[in-house]
Amino acid sequence: MLDFVYFPVSAVLWCWHQFFAVALGPASGLAWLLAVVALVVTVRALLVRTALRQARSQQVLRSLQPQMDALRRTHRDDPRAQAEKIRLLHREHGVSMFAGFVPLIAQGLVFLGLFHVLRSFDRTGTYAVGPFTSTDSPLPVDVNSATANYLFGAPEVRAFLDARLFGAPLSATLSGAGEVFVAVAVLTIPLVLIAALATHFTARLTPLVGDNGTAAIMRNLSLWVFPAGALIGGAILPVVVLTYFATNAVWTCGQQYLIRRKLDTEAAAERAVVAAAARAAAPRPGVKPQRRKR
């Protein structure tokens, strides 16, 4: 059903794996993890301009908060008129609420595609992780290793299944690691901590929009609950998927920091221009203001 996502994701991942395999070998666990990191960087780089527009829109939205609060008070008894007035205010100042969902939707589709493609390397058993449940019939081991996975041919499938890093299979989870628990923990724990910390600091770098109860709840969720979710996910998600989460979280944190610096610089420059214009319009000391002739 989501082949329009699976094939492009597998194509980008295939290209990056081919690139890193030249130096590290096709069955190198590091080559596969670097390919996942490069996939995240590729997608997020394509979304930078959209993220910047979203940040500017959020900045305008914060400046409009007093006007929106006034409209809510004025039209307290007429929700339809209230929504229409706020929509017109947004349109007047170029604020697009839908634009803020574009990066989230794109990242969600990429995650779903990557999760499915990575799990489809091993079709020898069923799996169920949260909402991601396999409905395909299990394949025998020899058939699975000889069956292509989207744009990955049988040799790449075998290379992924043979790939290890510090002795840990890339598809291993901490909860099901068994005798390779220590090796999996060596990879999983740093990735989970990186993802949780990056998620927490991203929330700290994100300005609060509005001062109502909902905004405060979302703030607390972003600061504490979402990082805790990353810690819990470390026990049930494969190493290779955790690599995606950690990379995405670090990119988001760094991007948020740079965007905030850029917007603060732009705001400071705008204030300087306004102040300079005010000084130029003000009369010089000792000079009597000139009256306009009628």
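Contact here means heavy atoms within 4.5 Å.

**Figure 1. Overview of the predicted chain and its contacts.** In this predicted model, among contacts between residues at least 6 apart in sequence, 64% join residues at least 24 apart. The chain holds eleven helices and four strands, and buried residues account for 38% of its 294 residues. About 17,600 Å² of the chain is exposed, and carbon and sulfur atoms supply 65% of that area.

**Figure 2. Close-up of the largest nonpolar core.** This core, the largest nonpolar one, has 51 residues, and those with the most contacts inside it are Trp 32, Leu 114, Leu 118, Phe 121, Leu 170 and Val 240. Two or more residues come to this core from each of helix 1 (3-24), helix 2 (29-46), helix 6, helix 8 (154-162), helix 9 (181-205) and helix 11. When residues up to four places away in sequence are not counted, Val 240 touches Leu 33, Val 36, Leu 118, Phe 160 and Leu 170. Another core, of seven residues, lies apart from the 51-residue one, and among its members are Leu 61, Leu 64, Met 68 and Leu 71.

**Figure 3. Close-up of the packing of helix 3 with helix 4.** Helix 3 (residues 48-63) and helix 4 (residues 65-74) pack with their axes 4 Å apart and at an angle of about 55°, and the two helices are therefore oblique to each other. On the side of helix 3 the contact is made by Leu 61, Arg 62 and Ser 63, while helix 4 takes part through Gln 65, Pro 66 and Met 68. Sorted by class, the contact of helix 3 with helix 4 comprises three nonpolar, two polar and one charged residues. Leu 61 and Met 68, both named in this contact, are also among the residues of the seven-residue core.

**Figure 4. Close-up of Gln 107 and Asn 248.** Gln 107 is found in helix 6 (residues 101-119), whereas Asn 248 has its place in helix 11 (residues 239-281). Because buried means under 20% relative accessible area, Gln 107 counts as buried at 16%, and Asn 248 likewise counts as buried at 12%. Leaving aside residues up to four places away in sequence, Gln 107 touches Arg 44, Leu 47, Tyr 244 and Asn 248. With its neighbours within four places in sequence likewise set aside, Asn 248 is in contact with Val 40, Arg 44 and Gln 107. Arg 44 therefore appears in the contact lists of both Gln 107 and Asn 248.

Key:
Residues are numbered from 1 along each chain as its sequence is written. This is a predicted model: local features need pLDDT of at least 70, side-chain atom pairs count only at pLDDT 80 or more; totals for chains, interfaces and linings use all residues. Side-chain values use heavy atoms; hydrogens and water are left out. Buried means under 20% relative accessible area, exposed over 50%, partly exposed in between (1.4 Å probe, protein chains only). Axes are lines fitted to C-alpha atoms, for helices over the stretch in contact, and angles run from 0 to 180 degrees between N-to-C directions. Angles under 35 degrees count as roughly parallel, over 145 as roughly antiparallel, 65 to 115 as roughly perpendicular and the rest as oblique. Ala, Val, Leu, Ile, Met, Phe, Trp, Tyr, Cys and Pro count as nonpolar, Asp, Glu, Lys and Arg as charged, and the others, Gly among them, as polar. Accessible areas come from the Shrake-Rupley method with a 1.4 Å probe; for residues, only the protein chains shown count as cover. A nonpolar core is a set of buried Ala, Val, Leu, Ile, Met, Phe, Trp, Tyr and Cys residues joined through side-chain atoms within 4.5 Å.
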